[in-house]
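Colleague: Please show me how to read helix packing and aromatic pairs in a model.

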Amino acid sequence: MASALEKIYLYFSMGIILCPLILALMNVKSYPKELKVITLYLVSIATLGAYSAYLWSQLKNNLPVLHVYTMVEFTGIMLFYQVIFKTYIDKIWFWVLITCFLVFCLINATCIQDWKIFNTYPRTLESILVIGASLYYYYKITRQTLYTQIEKSPVFWINTGFFIYFSGSFLLFTISNYILPYSFKFNMMVWQFHAFLSIVNNILIFIGLWQHKKT
């Protein structure tokens with residue numbers, strides 16, 4: 001069983017999403033399209049995350065929710081990048097990518113990794129694709145000829161949050177089914193690291209949304 005301190009830490013990592021979510025809902029009317037997509041993304045994953053946390057608190061298997069969470073999370077993030085890269089990449093390619101990923105998730109859940117097993121393959125693939133998109137964003141801003149204060153760009157902070165979270169979680173997602181049965185203590189340590197990455201991601205998204213509020 002997790003200690004009280006460990007439970008508090010894990011609940012905090014799940015609850016901190018309320019910070020960017022509340023800020024986004026307060027200012028969504030003034031947002032450009034990419035931040036409205038981020039608002040919808042936050043609402044969706046916060047709802048699924050809350051339900052998953054409830055099942056975890058009741059000692060019930062919440063992994064089926066994770067399968068759905070992965071599909072919703074990937075769709076939201078790719079729609080965000082579709083808006084960001086609209087002048088470089090035709091949006092049809094993002095819809096093709098999203099459709100292929102969702103089909104793969106459903107095939108994986110029904111034929112490869114059961115709904116009640118950690119979905120390592122989709123999570124790993126998702127990490128690779130999001131890392132690739134975030135690196136492409138960094139590449140594009142280094143090619144800009146106009147001087148801009150990049151630290152004041154909401155997209156820069158949000159992209160950095162995604163890059164750190166998925167880069168740090170990549171190995172965890174890949175080997176999770178091997179470490180889960182290893183030992184409960186080790187398992188808790190690994191997921192506490194994942195919780196730390198989630199906290200960093202949500203803080204950076206909050207900073208990004210705050211930068212828009214300042215302008």
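Modeller: Helix 5 and helix 6 are roughly antiparallel to each other, a label for angles over 145 degrees (under 35 is roughly parallel, 65 to 115 roughly perpendicular, the rest oblique). This is a predicted model, where local features need pLDDT of at least 70, side-chain atom pairs count only at pLDDT 80 or more, and totals for chains, interfaces and linings use all residues. Residues are numbered from 1 along each chain as its sequence is written, and side-chain values use heavy atoms, with hydrogens and water left out.

Colleague: What describes two packed helices?

Modeller: The angle between their axes and the distance between the axes. Here the axes of helix 5 (residues 91-112) and helix 6 (residues 120-142) come within 10 Å and cross at roughly 160°. Axes are lines fitted to C-alpha atoms over the stretch in contact, with angles from 0 to 180 degrees between N-to-C directions. Helices are DSSP runs (H or I, at least four residues), numbered from the N terminus.

Colleague: Which residues in helix 5 meet helix 6?

Modeller: L97, F101, F104, C105, N108 and I112 meet Y121, P122, L125, E126 and L129 in helix 6; contact means heavy atoms within 4.5 Å.

Colleague: How many aromatic pairs does a search of the whole structure find?

Modeller: The search finds 15. Rings of Phe, Tyr and Trp (its six-membered ring) pair if their centres lie within 6.5 Å; planes under 30 degrees apart are stacked, over 60 edge-to-face, the rest tilted. Y165 and F166 are edge-to-face, at 4.9 Å centre to centre and 85° between the planes. F206 and W210 are stacked, at 6.1 Å and 15°.

Conventions:
Helix = DSSP H or I, 4+ residues; strand = E, 2+ residues; numbered from the N terminus.
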